[in-house]
Amino acid sequence: MPATALAIIEDEGILSVTGTDATRFLQGQLSCDVATLAAGGSTLGARCNPKGRMQSSFRLYKRSEEEYLLAIHHEVMEAQQQDLAKYAAFFKVTLADVSAQWTRLALWGDSTDALDVAESVGAIILPVAEQTCELWLPAGLAGDAVSRLAEHVAPVAASAWRLQLIRLGIGQVQGPTRESFIPQMLNLQHLGAVSFSKGCYTGQEIVARMQYLGKLKRRMFRLLGDGQQLPAPGTVIIDRIRNQAVGEVVIAARADEGMELLAVLQTDAAELPTLGISDANETSLQLATLPYDSLMAAQAAEN
C-alpha cells in the first residue's frame with residue numbers, strides 16, 4: 001500500500017433527506033444522535049427494523065439544517081428508501097436518490113499536501129479515522145479533482161479502500177446481511193454510531209436492552225485468511241473440527257498475502273484455531289486485532 005492512497009468509493013449510493021422536519025424525522029429513525037450533529041459534520045449510523053435488526057449502515061453527512069445525505073450500500077439502498085418513505089409521509093421531508101450528483105473518494109495516509117488540494121478543489125472532507133477521510137464532490141468537479149490529487153497520492157483500486165475499512169473495524173450491511181445484525185454485533189457502539197441517551201427510534205428498545213440487560217454473544221471480529229476465493233457477505237464461518245457454523249462474513253478484501261475480513265462470530269469461538277469458510281475447505285482463518293480492542297475490553301470489564 002502506498003504512503004498515501006486515493007480510491008473512488010464505488011459500492012454506495014447517496015440518499016438525501018431534505019425539509020423542515022429533516023432532523024426530527026431522522027432522529028426518530030436512526031441509531032445515531034442526529035439532533036446534536038453540527039452542520040458540516042458526519043457520523044456513522046444504522047437504520048433498524050422494529051426488532052432492532054439493521055436494514056442499513058451508513059455515513060450520515062449533515063449538509064445544512066434542512067439537508068442530510070446518507071451513504072448507503074447500493075444493494076440495500078432502494079429497500080431502505082422505500083421503508084423510510086412509509087414514515088416520511090407524516091413529516092415535512094423529501095427523500096431522493098441523489099447518487100448521480102455526487103462522487104466520493106477515500107483518502108488515507110500521511111500526505112498533508114493531498115488535503116490542501118482537496119480543500120482547493122472544493123471537496124467536502126469528512127474524517128473517518130486518523131489519517132483517513134472521505135472526500136465528497138459534486139459529480140461535475142470530480143474529474144479535475146482526481147487529476148490534481150493524483151499528483152500527490154497514489155490512485156488505488158476500490159478494493160483497497162475496502163481493505164482499509166476492514167483494518168479500521170468498520171463493517172457494512174449489504175444485501176445478503178440485511179436485517180441479520182443488531183448494531184452492537186457490528187461494534188457500532190464503539191464507533192459513535194449508536195446513542196443510548198437520545199430517546200426513542202425504530203428498534204431502540206431492543207438495542208438498549210442488549211446494551212444494559214443482555215449479554216452480547218456474537219460480535220464482529222477481524223480475521224486473516226490464506227485462501228484464494230474471496231467470501232461474499234453472509235458466507236458462513238465454521239469450526240472445521242466440529243463442522244459447526246459459528247458466524248458469518250460481513251465484508252472481505254484481498255490483502256498482500258491472502259485475505260482479510262470482518263465477520264460476526266460467537267464470542268467464545270473467535271480464538272479457535274480451526275476456523276474456516278464453509279464453502280472453501282482449504283481456507284484457514286486467524287484472529288487479528290482491531291484498533292478499538294482496548295476500548296471494548298475496558299467497557300467489558302466495567303460491565
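Met185, in this predicted model, makes contacts that reach well beyond its own stretch of chain: once the neighbours within four places in sequence are set aside, the residues in contact with Met185 are Arg53, Ser180, Leu216, Arg218, Arg219, Met220 and Val264. Met185 itself belongs to no helix or strand but sits in the loop between α5 and α6 (204-212). Although it is placed in a loop, Met185 counts as buried, because its relative accessible area is 9%, and the limit for that class is under 20%. As a further point of orientation, Cys133 lies 52 residues from Met185 along the chain, and the C-alpha atoms of the two residues are separated by 24 Å.

A second loop residue, Asn243, gives the opposite reading of accessibility. Asn243 is found between β12 (236-239) and β13 (244-254), and it is classed as exposed because its relative accessible area of 61% falls in the range over 50%. In sequence, Asn243 and Thr274 are 31 residues apart, while in space the distance from C-alpha to C-alpha is 9.7 Å.

From these single residues we can turn to the enclosed spaces of the model, where two cavities of 30 Å³ or more are present. The largest cavity holds about 200 Å³ of space, and 16 residues line it, of which Glu12, Leu44, Phe58, Ile170 and Gly171 are the closest to its centre. Three elements, namely β3 (42-48), β4 (54-64) and α5 (158-168), each supply at least two residues of this lining, and β4 gives the most, with three residues. The helix α5 thus appears twice in this account, as a contributor to the lining of the largest cavity and as one of the two helices that bracket the loop of Met185. In its chemical make-up, the lining of the largest cavity is mixed, with eight nonpolar, four polar and four charged residues.

The second largest cavity has a volume of about 40 Å³, and its lining consists of Ser195, Phe196, Tyr201, Gln204, Val207 and Ala208. Sorted by class, the residues of this lining divide into four nonpolar and two polar, with no charged residue among them, whereas the lining of the largest cavity includes four charged residues. Taken together, the two cavities can be followed in the structure through their lining residues, starting for the largest cavity from the residues closest to its centre, including Phe58 and Ile170, and for the second largest from residues such as Tyr201 and Val207.

Conventions:
Residues numbered from 1 in each chain as written. Predicted model: local features only at pLDDT ≥ 70, side-chain atom pairs only at ≥ 80, totals over all residues. Heavy atoms only, no water. Helix = DSSP H or I, 4+ residues; strand = E, 2+ residues; numbered from the N terminus. Buried < 20%, exposed > 50% of the residue type's maximum accessible area, 1.4 Å probe, protein only. 1 Å grid on protein atoms, 1.4 Å probe; cavity = no way out; pocket = protein on both sides within 12 Å on 5 of 7 lines; lining within 4 Å. Points joined across faces, edges and corners; volume = space filled by probe spheres on them. Nonpolar A, V, L, I, M, F, W, Y, C, P; charged D, E, K, R; others polar. Contact = heavy atoms within 4.5 Å.
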